[in-house]
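Reader: Before I plan any reading around this protein, I would like one part of it looked at closely and carefully. Please take me through that part and then through its setting in the rest of the chain.

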Amino acid sequence: MPLLIITTILWAFSFSLIGVYLAGQVDSVFAVLVRLGLAALVFLPFLRWKGHQLTTILLYMAVGAMQLGIMYLISFEAYLYLSVPEFLLFTVMTPLYVTLIYDLISGRKIRIGYALSALLAVAGAAIIRYDHISEHFIIGLLLVQAANICFAIGQVGYKRLMETRPVPQHTAFSWFYIGALMCAVVAWFLWGNPQKLPTTDLQWGILVWLGIGASGLGYFMWNYGATQVDAGTLGIMNNFHVPAGLLVNLAIWQQQPHWPSFILGAAVIMSSLWVHRRWVVPRREQTADDRTRAAAPNE
């Protein structure tokens with residue numbers, strides 16, 4: 001949980017930096033390429049091939065390509081149609097995607113309690129940001145939902161791989177970023193625009209920060225934290241970036257949120273986490289214990 005909280009704070013700055021200084025000014029594919037290239041360099045010293053099955057390596061690379069490569073390409077495109085607050089609003093479905101996809105991948109039945117607590121987090125985030133929708137919101141909505149699904153698949157995929165094919169996480173992330181970078185390289189040759197490269201030191205500096213800080217360290221901490229919590233908690237934590245991102249907008253650009261809806265929405269998100277950890281998780285554990293005792297032979 002602490003790693004997820006730290007990463008949420010770290011990422012809160014990224015939304016505004018991308019929306020204000022990069023979107024529409026720097027080629028989105030190039031921005032993704034630089035960001036993932038720098039992140040891959042951070043974990044290059046931990047790259048190991050020997051002693052690991054090729055299938056395992058390829059699966060971690062595929063997870064990286066999905067969670068970061070494809071997700072970033074779609075997300076940067078979405079910024080062309082949305083303001084930062086709108087982008088944050090349209091990410092609110094991610095908790096539900098995480099819980100449902102985890103149940104599907106792990107072969108379990110859909111856990112209603114997990115889904116309901118995720119929906120409570122969705123409602124809280126929507127309360128905070130449901131205002132000032134632009135005329136381009138349909139295109140932006142579809143793009144962000146596609147990015148959300150890719151992000152959810154990546155998170156859940158990494159979590160499941162660590163459960164079924166565990167390897168040292170710094171080694172796993174060296175493959176993870178190579179997979180993401182390969183996706184970005186292909187996209188650059190197909191769709192990149194060399195006429196829209198960064199033109200200011202500030203833009204280059206933001207790309208360096210996004211690559212090394214937000215991506216290189218941020219996603220490692222987030223996915224590491226994802227392996228330490230249940231899928232429901234992971235899903236709910238995906239929506240804490242909404243109030244965090246709006247507080248950054250307030251602190252740096254003095255963009256005041258609508259305080260009544262902000263406070264109410266933040267309270268609902270917090271309550272969703274409390275409900276999940278106080279009632280849903282203990283109930284699941286109690287049910288599992290009952291089944292274990294019922295299956296045990298009589299002494």
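Reader: The part I mean is the loop between α5 and α6, where I110 is placed. What surrounds I110 in the nonpolar surface patch, and what can be said of the helices and of the charged and cysteine residues elsewhere?

Author: I110 sits in the loop that joins α5 to α6, and everything that follows is read from a predicted model. With a relative accessible area of 39%, I110 is partly exposed, because a residue counts as buried under 20% and as exposed over 50%. I110 contributes to a nonpolar surface patch of about 490 Å², together with L104, I112, L116 and L119. Helix α6, which covers residues 112-129, supplies the largest share of this patch, namely three residues.

On the other side of the loop lies helix α5, residues 94-105, whose twelve residues should span 16 Å at 1.5 Å a residue, and the distance between its end C-alpha atoms, 16 Å, agrees with that expectation. Helix α5 is mostly covered, since nine of its twelve residues are buried. The buried residues of α5 are T94, P95, L96, Y97, V98, T99, I101, Y102 and D103, whereas L104 is one of the residues that make the nonpolar surface patch. After α5 comes G107, and the phi of G107 is positive, near 75°.

Turning to charged residues, a search of the whole structure finds two salt bridges, and these link K159, R160 and E163 in a network. Side chains of opposite charge can pair when their charged atoms come close. In one of the bridges the side chains of K159 and E163 meet, at 3.8 Å from N to O, while in the other E163 is joined to R160, with the closest N and O atoms 2.7 Å apart. K159 and E163 both belong to helix α7, residues 137-164, where they lie four residues apart, about one turn of the helix. E163 and R160 are three residues apart in α7, so about one helical turn separates them as well. The partners in the first of these pairs are covered to unlike degrees: K159 counts as buried at 5% relative accessibility, but E163, at 38%, counts as partly exposed.

For the cysteines, the search of the whole structure finds zero disulfides. The sulfur of C150 has its closest cysteine sulfur in C183, at 9.1 Å, which is too far for a bond, because a disulfide requires the two sulfur atoms to be within 2.5 Å. Looked at from C183, the closest cysteine sulfur is that of C150, again 9.1 Å away and too far for a bond. C150 is buried, with a relative accessible area of 9%, and C183 also counts as buried, at 18% relative accessibility.

As for the setting, the protein chain has twelve helices and zero strands. Of its 299 residues, 53% count as buried. Among contacts between residues at least 6 apart in sequence, 89% join residues at least 24 apart. The accessible surface of the chain comes to about 14000 Å², and 68% of that surface belongs to carbon and sulfur atoms.

How values were computed: Residues numbered from 1 in each chain as written. Predicted model: local features only at pLDDT ≥ 70, side-chain atom pairs only at ≥ 80, totals over all residues. Heavy atoms only, no water. Helix = DSSP H or I, 4+ residues; strand = E, 2+ residues; numbered from the N terminus. Expected span 1.5 Å × (residues − 1). Buried < 20%, exposed > 50% of the residue type's maximum accessible area, 1.4 Å probe, protein only. Patch = residues over 30% accessible without salt bridge, like charges linked within 9 Å, V, L, I, M, F, W, Y side chains within 5 Å. Areas by Shrake-Rupley, 256 points an atom, 1.4 Å probe, with all protein chains shown as cover. Salt bridge = Lys/Arg side-chain N within 4 Å of Asp/Glu carboxyl O. Contact = heavy atoms within 4.5 Å.
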